[in-house]
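Here is a briefing on one chain, for reading alongside its sequence and model. It goes topic by topic.

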Amino acid sequence: MTEGRSKGMLVVSNARDGSGGTIDLVISEGTIRAIGPGGAKETSDDVPRFDAEGGIVCQPFVDGHLHLDKTLIGLPFFPHVEGETIAARIEAEKRIRRQASGPIQMRGGRLIEQIVARGTLALRSHVDVDSGIGLKGLESVLSLKESHGHLVDIQTVAFPQSGVMRDAGTADLLDAAIAAGADLVGGLDPAGVDNDIDGHLDAIFAIASKHGVGLDIHLHDAGALGAFELRQIATRTRALGLEGKVAVSHAFCLGELGDADFGRTAEALAEAGVAIMTTGPGPVPMPPVKRLKSIGVRVFCGSDNIRDAWSPFGNGDMLERAGIVCDRQNFRSDADLEEAFALTTEAPAAVLGRSNSLQVGARADFQILPASSIAEAVASRPMDRAVFRNGVMLARGGRLLQAGV
Ligand SMILES: [Zn+2]
């Protein structure tokens, strides 16, 4: 067993792959050098070893959607403030965040440490950009990329939480956010928040096209209106050659459309390579995972709000997230549970443009779960996980190791 920042050799023995076969991993300089049966026998006895005790070795989690700037983790529990509409919730959040002490670096840092301990090694964080906060939140999250870069890879989305058209100057701020280092342009309910579908989408797509970056748009608008907006997003994606670089988060409307409207909307998303992020939400409609994937739409998972003004719940545990998806989609078979697991590993990794496979030559980022199969891990959601990054163990049993901090 090894701990700390050493990038030397490590052998992980007595592990199992997803299908139950016994394998060893040989790692050196943060890279997987061998993976398969019997690798441990071919290395000398003085190489540090980690006994996986029959646990499965699998890819780390990737959280495709959260908000490092919003979380109130690290502060005393904050009672939830009700809000009937999105606009009311936006105003309630501003009041709460004015009252909350504790900088984003502390709160976001605590959240990163919590999710790394649960096996997440990459994430996409939306960061509020509006006329009130300007780029301050983004600057804080970009500083987290530096301070916590040894734990997790962070991708940022400049998120117009207060709208683009209704909050004058936000389009210029989004443009400045990308210039300052944000990775993608965000959006929010072009109809429901801004009441101007063309104005909102034209503005954010123009910024993305100008900088050659992707987009990730929050869409809560329901029913036929939301479906129309999805098709508008798909049309603009193709027109600007942004296929594969655009995601829509939530898209609850996909869970409530009739067959004809669903079919033409899903086909438009597939043709444009627009991915759909879902949290497996309740009690609102959820995009149907298998139906979308059968048409060729990429679906991936994220945590979204964790202990913030929008929700007092959440812990960033992506294994729990996979279980929530199973509950909502009535997934029961092993194949279904593996599909849910992929929504928290391979699928978000692909959307974030990352390689996340366990193979020779890949970065030694992986986790070991005490289960006989992926399906059992999803079903039992064990916390006794060993989390490795660059071949170094960062966390075990749901706790970050001191040496990894
Ligand atoms: Zn969100």
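Helices here are DSSP runs of H or I with at least four residues, and they are numbered from the N terminus. By that numbering, Gly-273 sits just after helix 7 and takes a positive phi of about 65°. The model is predicted. Its parallel sheet comes next, then three helices, then two single residues.

**The open sheet**

- Eight strands form an open sheet, and their pairing is parallel.
- The strand order is 6-7-8-9-10-11-12-13.
- Strand 6 (61–66) and strand 13 (299–301) stand at the edges. Each has a single partner strand, so one side of each is left without a neighbour in the sheet.
- From one strand to the next, the twist averages 25°.
- Strands of a sheet pair through backbone hydrogen bonds, in either a parallel or an antiparallel sense.

**Strand 8 and its partners**

- Strand 8 covers residues 153–159. It is mostly covered, with six of its seven residues buried.
- Strand 7 and strand 8 run parallel and are joined by seven bridges.
- In this pairing, Thr-156 of strand 8 stands opposite Ser-125.
- Helix 3 (residues 136–147) links into a right-handed β-α-β unit with strand 7 and strand 8.
- Strand 8 also pairs with strand 9 (residues 184–188), in the parallel sense, over two bridges.
- Here Ala-158 stands opposite Val-185 of strand 9.
- Strand 8, helix 4 (residues 170–180) and strand 9 make a right-handed β-α-β unit.

**Strands 11 and 12**

- Strand 11 (residues 246–250) pairs with strand 12 (residues 275–278) over three bridges, in the parallel sense.
- Met-277 in strand 12 is the bridge partner of Ser-249.

**Helix 7**

- Helix 7 spans residues 259–272, which makes 14 residues.
- From first C-alpha to last, helix 7 reaches 20 Å, close to the 20 Å expected at 1.5 Å a residue.
- Which residues of helix 7 are buried? They are Phe-262, Thr-265, Ala-266, Ala-268, Leu-269 and Ala-272.
- Seen down the axis of helix 7, these buried residues fall within an arc of 155°, so they line one face of the helix.
- On the other side of helix 7, Asp-259 and Ala-260 are exposed.
- The buried residues of helix 7 pack against helix 6 (223–239), strand 12 and helix 8.

**Helix 2**

- Helix 2 has 14 residues, 104–117.
- Its first and last C-alpha atoms are 19 Å apart, close to the 20 Å expected at 1.5 Å a residue.
- Eleven of the 14 residues of helix 2 are buried, so the helix is largely enclosed by the rest of the structure.
- The buried residues include Ile-104, Arg-107, Leu-111, Glu-113 and Val-116.
- What covers the buried residues of helix 2 includes strand 6, strand 7 and helix 3. Strand 15 (386–389), strand 16 (392–396) and strand 17 (399–400) are also among the covering elements.
- Just after helix 2, Gly-119 takes a positive phi of about 105°.

**Helix 9**

- Helix 9 (residues 318–329) lies across strand 6, strand 7 (120–128) and strand 13.
- Helix 9 runs at about 130° to strand 13.

**Arg-238**

- Arg-238 is placed in helix 6.
- Is Arg-238 buried or partly exposed? A residue counts as buried if 20 or more other C-beta atoms lie within 10 Å of its own, and as exposed if 12 or fewer do. Arg-238 has 16 such atoms, so it is partly exposed.
- Leaving aside neighbours within four places in sequence, Arg-238 is in contact with Glu-243, Glu-271 and Ala-272.
- Ala-272 is also one of the buried residues of helix 7.
- The C-alpha atoms of Arg-238 and Glu-93 are separated by 35 Å, and the two residues are 145 residues apart along the chain.

**Pro-288**

- Pro-288 lies in the loop between strand 12 and helix 8 (289–295).
- Pro-288 has 18 other C-beta atoms within 10 Å, so it is partly exposed.
- Not counting residues up to four places away in sequence, Pro-288 touches Leu-254 and Gly-255.
- Pro-288 and Met-165 are 123 residues apart along the chain, with their C-alpha atoms separated by 31 Å.

Key:
Residues numbered from 1 in each chain as written. Predicted model: local features only at pLDDT ≥ 70, side-chain atom pairs only at ≥ 80, totals over all residues. Pairing = 2+ DSSP bridges. Axes fitted to C-alpha atoms, helices over the stretch in contact; angles between N-to-C directions. Contact = placed C-beta atoms within 7 Å. Expected span 1.5 Å × (residues − 1). Arc of directions from axis to C-beta. Right-handed = clockwise from strand over helix to strand, strands pointing away.
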